[in-house]
Amino acid sequence: QKIIEVQKQQSVHSFEESEKRSYVDYINKELSNDKHLKLILPIDSKTNSLFTIASKGVLLCKLINKFFPNTIDETKLAFSNQNLFEINQNHELCIEAAKKIGCAIVNIGGTDLSRGNPHLVMGLLWQIIRKGLLSQVQNIQQNRKITSLLSSNLNSINSNSTNSNSTNSINSINS
């Protein structure tokens, strides 16, 4: 496992290359059909371009909306020819949406993300992907509960119908 260390002033942050590669591969797969990301996807998992791309403020917003549709009003996002104000606005929308879906956002601002700080981008990506995957699992579990409930209701209806027919048959024999 290759560990990448990023030194910022007095502190050192690190992440595993395999972790970054996994996130990049997942993003490439999940967002490959997004019309706004056609020019930047696929991201090369062998480079650190993930951080440069994330610094523009669109990628993380799109990932949030992939898992949690319409959490971010995409009409408010600046997609191309962005100035610094628009990039920061994209990041602020991302941070607010990340809070809404339950991500722990502590001491992260739009300017941190616009710098493409690897440890912050990786931390936020981990939380967004984790929340998104867990929501999918919960949806599956909820669907199983609904299916189970429907199935037991159908079985109950069928057995009542069968009992009713049996009772009618017995009554007609007795008559």
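## A walk from the cysteines to the core

Start by selecting Cys103 and Cys94: the sulfur of Cys103 lies 8.3 Å from the closest cysteine sulfur, the one in Cys94, which is too far for a bond. Keep in mind as you look around that this is a predicted model. Cys103 itself is buried, because its relative accessibility is 6%.

How many disulfides are there in the whole model? The count comes to zero. Now add Cys61 to your selection: this residue is in no disulfide either, and the nearest cysteine sulfur, that of Cys94, sits 4.6 Å away. A disulfide would need the two sulfur atoms within 2.5 Å. Is Cys61 buried or exposed? Cys61 is buried, since its relative accessible area is 0%.

**Next stop: helix H3**

Select residues 59-67, which make up helix H3. This helix is mostly covered, with eight of its nine residues buried. Colour the buried ones and you will pick out Leu59, Leu60, Cys61, Lys62, Leu63, Ile64, Asn65 and Phe67.

**Into the core**

Helix H3 is one of the elements that give two or more residues to the largest nonpolar core. That core has 39 residues. To see the other such contributors, select helix H1 (17-30), helix H2 (49-54), helix H4 (84-100) and helix H6 (118-174). Which helix gives the largest share? It is H6, with seven residues.

Now zoom in on Ile27 and Leu50, the residues with the most contacts inside the core. Show what surrounds Leu50: leaving out residues up to four places away in sequence, Leu50 touches Lys20, Val24, Ile27, Ile43, Leu59, Met122 and Leu125. Leu59 will be familiar from the buried list of H3.

**Along helix H4**

Move on to Leu93, which has its place in helix H4. Leu93 counts as partly exposed because its relative accessible area is 23%. Beyond its neighbours within four places in sequence, Leu93 is in contact with Ile72, Lys76 and Leu77. Try a distance from Leu93 to Lys76: these residues are 17 apart along the chain, and their C-alpha atoms are separated by 8.5 Å.

**Last stop: helix H5**

Finish by selecting residues 110-114, helix H5, and find Asp112 there. Which residues does Asp112 touch, not counting those up to four places away in sequence? They are Asn107, Asn117 and Leu120. Asp112 is buried, because its relative accessible area is 16% and the cut-off for buried is under 20%.

How values were computed:
Residues numbered from 1 in each chain as written. Predicted model: local features only at pLDDT ≥ 70, side-chain atom pairs only at ≥ 80, totals over all residues. Heavy atoms only, no water. Core = buried A, V, L, I, M, F, W, Y, C linked by side-chain atoms within 4.5 Å. Buried < 20%, exposed > 50% of the residue type's maximum accessible area, 1.4 Å probe, protein only. Helix = DSSP H or I, 4+ residues; strand = E, 2+ residues; numbered from the N terminus. Contact = heavy atoms within 4.5 Å.
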